[in-house]
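User: I'd like to go through this model label by label and hear the reasoning behind each one. Can you take my questions as they come?

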Amino acid sequence: MIISCFIGVCVLLFGPLVSSACNVTLYAQGEPLNFTSPNYPGNYMSNDNCYWDIYPQTRGYNVILDMVFSDIEGSSGSNCPYDALTIYVKNNGDQRIGESKRICGQSRLNLFTREDQHIHAMFETDGSVTRGGFLIKYYETDGHSCGLSDLSASSVAWTNLTSPGYPSNYSKNPNCQWTISAPVGYEIKVEVVYFNVEYSTACSSDYLLFSDGSTSFAAQLGKYCGRSNITRVVVSSRNYMTITFHTDGSDTALGFNLKYKAGYRTTTSTTTTTTTEITNGLNCGSPLLRASTFTWRHLSSPGYPNHNYRNNMDCRWTVSAPAGYKIKVEIIVLSVEFEATCAFDYLLFSDGSSSFATRLGKYCYGTRNVVSSSNAMTITFHTDGSRTDRGFSLKYMARTSGSLLSASTSTWSILSSPGYPNYNNNMDCKWTISAPAGYKIKAEIIALSLEYEATCARDYLLFSDGSSSYDTKLGKYCTGTRDVVSSSNAMTITFHTDGSVTGRGFSLKYMARTSGCGTDEEINEYETKYIVSPDYPLQYPSNANCSWTISTRLEGYVIHVEVVDFFLEPHSLCSYDYVQLYDVTGTYERSLGRWCGSNGPDTQSTGMSMKVRFLSDSSNTFKGFKLAFTAGEPTSSRCGTDEEINEYETKYIESPNYPLQYPSNANCSWTISSRLEGYVIHVEVVDFYLARDGPCSYDYVQLYDVTGTYERSLGRWCGLDGPDTQSTGMSMKVRFHSDSSSTFKGFKLAFTAVEPASSSSVSPNLGGIIGGVFGGIVGVAIVTCCCCGICSRKKSTTNDQSQGNRSREVYLNTIYTVPVSNYPPTTATTLPAMFTPPPAYSEVVKDDPPPYCQAVPLSDILPVVTSSSNGASSYQGIDNPAGPS
């Protein structure tokens with residue numbers, strides 16, 4: 001019993017020195033490894049705190065995290081106030097946070113690091129509900145690969161291929177390429193199950209490219225971007241297909257999910273094979289094409305535009321669309337051998353799925369539009385044995401059988417319900433409005449008088465953001481007047497009525513408007529550039545999503561922004577309508593803050609470029625904003641200077657924008673010093689109001705004692721109670737940090753040079769101290785023995801018990817001393833929910849960790865640091881530490 005009690009006391013007193021299977025450094029390899037929440041696949045524990053640092057094993061490589069399963073208390077999309085897994089992408093050198101995500105609920109996650117970055121993951125749980133936890137796969141890449149690049153198509157079963165991280169958003173800048181092969185005599189068939197890739201003109205930003213061969217330089221079978229709910233089918237003409245997925249450094253989306261399979265290659269004849277048929281099979285591409293309902297697809301003659309087409313060709317394509325749609329073709333270029341009746345070389349359009357169907361037109365020159373009367377069209381390209389030319393290029397799309405309207409760029413057009421001012425029951429009308437590239441559609445409802453129901457379930461006017469009613473909804477209305485603006489150059493309007501009450505109907509006007517919503521501006525010396533919200537000084541539209549990049553070529557200058565006029569929909573977190581500014585360095589972007597209401601930005605970039613984003617939701621709109629941008633030298637006084645204090649002098653430092661709210665994502669540093677020998681720096685609070693949380697991990701002021709190049713933390717403060725302390729030497733450093741969430745008034749601190757406070761002249765009572773310590777140990781031992789006699793309990797410990805078991809309550813009047821490395825939580829990213837049970841632990845985890853209540857020697861867990869031949873330190877990490885063998 002005495003021995004048991006002694007062991008219990010030792011564990012209680014010295015337990016924090018023993019590491020569990022979390023709180024470790026891991027090194028990613030080419031082969032995926034895993035780390036999990038403690039006790040996975042069982043529920044994690046309450047009041048736990050674990051962290052993992054994950055580095056690439058190979059210098060210059062990147063780490064990829066892929067969350068396989070998560071079930072953490074809270075809901076995806078919330079700020080995760082209870083239990084949370086927070087993942088930071090940090091720079092190896094200055095430990096600066098490049099990206100962070102706070103996760104709870106049932107979510108998926110995919111994160112990439114860049115070169116010279118690593119992952120820091122922190123899992124915190126409170127004292128209430130526990131759940132299944134998480135399992136995350138991690139591995140290293142060279143920054144260009146996206147999994148296996150050589151794939152084999154089965155002739156029996158479909159195989160799936162997805163964008164990196166799907167169903168979470170793909171990351172910026174990956175370039176993936178897969179080559180799919182099949183046995184000789186087979187073709188590759190690909191069906192796109194889901195597709196959502198950032199849209200750009202000509203798919204120049206992010207795109208998915210299908211090539212008819214074993215390289216991306218082979219003939220294109222299709223290049224796609226945007227989004228679609230319609231299944232797309234792509235078929236190769238040989239036993240190889242290359243799929244290229246390219247993304248740039250701007251926006252991302254959910255990506256794609258496709259499946260592929262090998263099938264026997266079909267021919268037009270079972271008995272003989274002519275020269276024409278061989279040419280068709282090798283060069284014409286897939287004979288079966290499917291028209292998209294939301295974007296144009298392109299078709300061109302073999303070899304176009306780099307090579308002339310060949311003689312004696314007969315290429316045939318059948319284009320299909322969903323029921324209720326028609327095929328619209330626009331000939332962009334047609335350059336073939338000319339003859340008055342187009343008897344030599346020609347392009348033939350047939351109204352159906354066969355070239356024997358009714359002819360829609362036979363052409364050998366000029367540009368024109370061709371529309372089918374049903375959901376199928378056959379296109380035949382014939383060449384004879386004489387002269388050849390460049391060939392043709394056309395685009396095709398599935399359009400609704402309803403009206404196709406074009407928006408003018410100069411005048412309003414009117415659209416009304418049939419029979420206005422009286423409509424009929426049981427109507428379903430649909431109009432697709434298009435505008436030139438670079439424009440958006442703006443619709444203004446003049447009158448709307450329909451049968452009213454709270455959710456507009458009976459009669460309604462539906463606006464969709466694209467050329468299909470299946471695209472993102474811009475609004476569904478049955479009463480009132482309002483403005484609706486598309487995000488691209490197409491909008492679909494659907495008018496539905498049921499079989500009951502009718503009303504007057506609707507009348508609206510529409511027009512093509514320049515986005516006024518995103519340009520790249522370059523500022524010269526002594527120049528001011530202005531950007532305004534769309535339609536300023538009139539009310540900006542709903543559902544706006546605008547982006548501007550402001551830059552200068554003046555070396556050493558930064559971008560300054562000042563408010564001329566600013567009035568957006570107010571909200572405490574600026575979640576509805578807002579302007580957000582970003583510091584831009586190459587492809588890296590760091591948020592400078594978010595503004596709404598009547599409080600606009602007055603700040604500066606840290607480099608030569610700044611990005612401005614404006615977003616409005618579907619509800620209230622206001623006047624908008626006008627911002628002025630200039631290029632100038634950095635105003636260092638806003639956020640960090642070096643100050644020297646003389647005798648009888650007081651220096652003040654303030655948070656940026658004080659006494660107005662400080663910006664989000666601030667990182668400021670001041671150094672306060674004196675030349676008065678024997679004096680120290682004393683700091684007192686004049687005003688202090690920061691975001692508050694127990695460990696001061698969101699917004700905080702941290703002070704450091706500075707001696708030469710050595711810095712020692714004096715403490716960290718947040719909430720309403722600021723510092724009142726002094727340095728031990730002649731210099732003190734002040735650091736102010738704010739995260740990306742709420743901001744407050746900030747602080748004003750007073751600094752003076754004073755003689756150090758004298759130490760107490762009272763001699764310490766050493767006997768009392770020793771007796772008190774001994775009595776405390778004995779008391780703890782007695783309590784522990786009692787506990788041992790009543791019950792036994794296993795408990796996981798962490799390297800940092802003060803962090804692991806800290807309370808989530810707010811302590812405004814307490815000074816917290818926290819390690820220098822800090823990891824402020826950020827708002828959660830909404831990801832698609834998962835409702836599948838957790839995978840079996842044995843199926844996904846390579847190395848079994850020990851039970852989380854088992855003590856593990858530090859030597860088996862912590863990274864080993866060795867010296868390389870060049871004197872630099874190298875690191876050997878422990879992946880999925882299994883404890884002593």
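Analyst: Sure. Thr494 is a good place to begin: this residue is found in strand 36, residues 490-496. Keep in mind that we're looking at a predicted model.

User: Why is Thr494 called buried?

Analyst: Its relative accessible area is 9%, and buried means under 20%, so Thr494 gets the label. Setting aside neighbours within four places in sequence, Thr494 is in contact with Cys429, Lys430, Tyr460, Leu461, Leu462 and Ser469.

User: And Tyr224, what makes that one count as buried?

Analyst: Same kind of check: Tyr224 has 6% relative accessibility, and the cut-off is under 20%, so Tyr224 counts as buried. Tyr224 belongs to strand 15, residues 220-224. Not counting residues up to four places away in sequence, Tyr224 touches a list of residues including Phe195, Tyr207, Arg232 and Arg297. Leu209 is 15 residues away along the chain, with 6.5 Å between the two C-alpha atoms.

User: On to the rings. Why is the pair Phe123 and Phe134 called edge-to-face?

Analyst: There are 30 aromatic pairs by this rule. For Phe123 and Phe134, the ring centres are 5.2 Å apart and the planes make 85 degrees. A pair needs centres within 6.5 Å, and planes over 60 degrees apart count as edge-to-face, so edge-to-face is the label for Phe123 and Phe134. The pair links distant parts of the chain, with Phe123 in strand 8 (residues 117-124) and Phe134 in strand 9 (residues 133-141), eleven residues apart. Phe123 and Phe134 are both buried.

User: What makes Phe349 and Tyr363 tilted instead?

Analyst: Their centres are 6.0 Å apart, with 50 degrees between the planes. Under 30 degrees would be stacked and over 60 edge-to-face, so the rest, tilted, is what applies. Phe349 sits in strand 24 (residues 346-350) and Tyr363 in strand 25 (residues 359-363), 14 residues apart. Phe349 and Tyr363 are buried.

User: Which residues form a cluster with Phe123?

Analyst: One aromatic cluster is made up of Phe35, Tyr44, Trp52, Phe123, Phe134 and Tyr138.

User: How do you know that the charged end of Lys611 sits over the ring of Tyr582?

Analyst: The distance from the ring centre is 5.9 Å, and the limit is within 6 Å, plus an angle within 35 degrees of the ring normal. Lys611 is listed as sitting over the ring of Tyr582. Another case is Lys259, which lies over the face of Trp158 at 4.8 Å from the ring centre.

User: What makes strand 8 mostly covered?

Analyst: Eight of its eight residues are buried. Gln117, Ile119, Ala121 and Phe123 point one way, while His118, His120, Met122 and Glu124 point the other way.

User: How do you know that strand 5 and strand 8 pair?

Analyst: Pairing takes at least two bridges, and strand 5 (residues 84-91) shares eight with strand 8, in the antiparallel sense. Lys90 stands opposite His118 there. Strand 3 (residues 49-56) also pairs antiparallel with strand 8, over six bridges, and Asn49 stands opposite Glu124.

User: Last one: what makes strand 20 and strand 25 edge strands?

Analyst: Each pairs on one side only. They belong to an open sheet of five strands, ordered 20-22-27-24-25, with mixed pairing. Within that order, strand 22 (residues 314-320) and strand 27 (residues 376-382) pair in the antiparallel sense over seven bridges, and Trp317 stands opposite Ile379.

How values were computed. Residues numbered from 1 in each chain as written. Predicted model: local features only at pLDDT ≥ 70, side-chain atom pairs only at ≥ 80, totals over all residues. Heavy atoms only, no water. Helix = DSSP H or I, 4+ residues; strand = E, 2+ residues; numbered from the N terminus. Buried < 20%, exposed > 50% of the residue type's maximum accessible area, 1.4 Å probe, protein only. Contact = heavy atoms within 4.5 Å.
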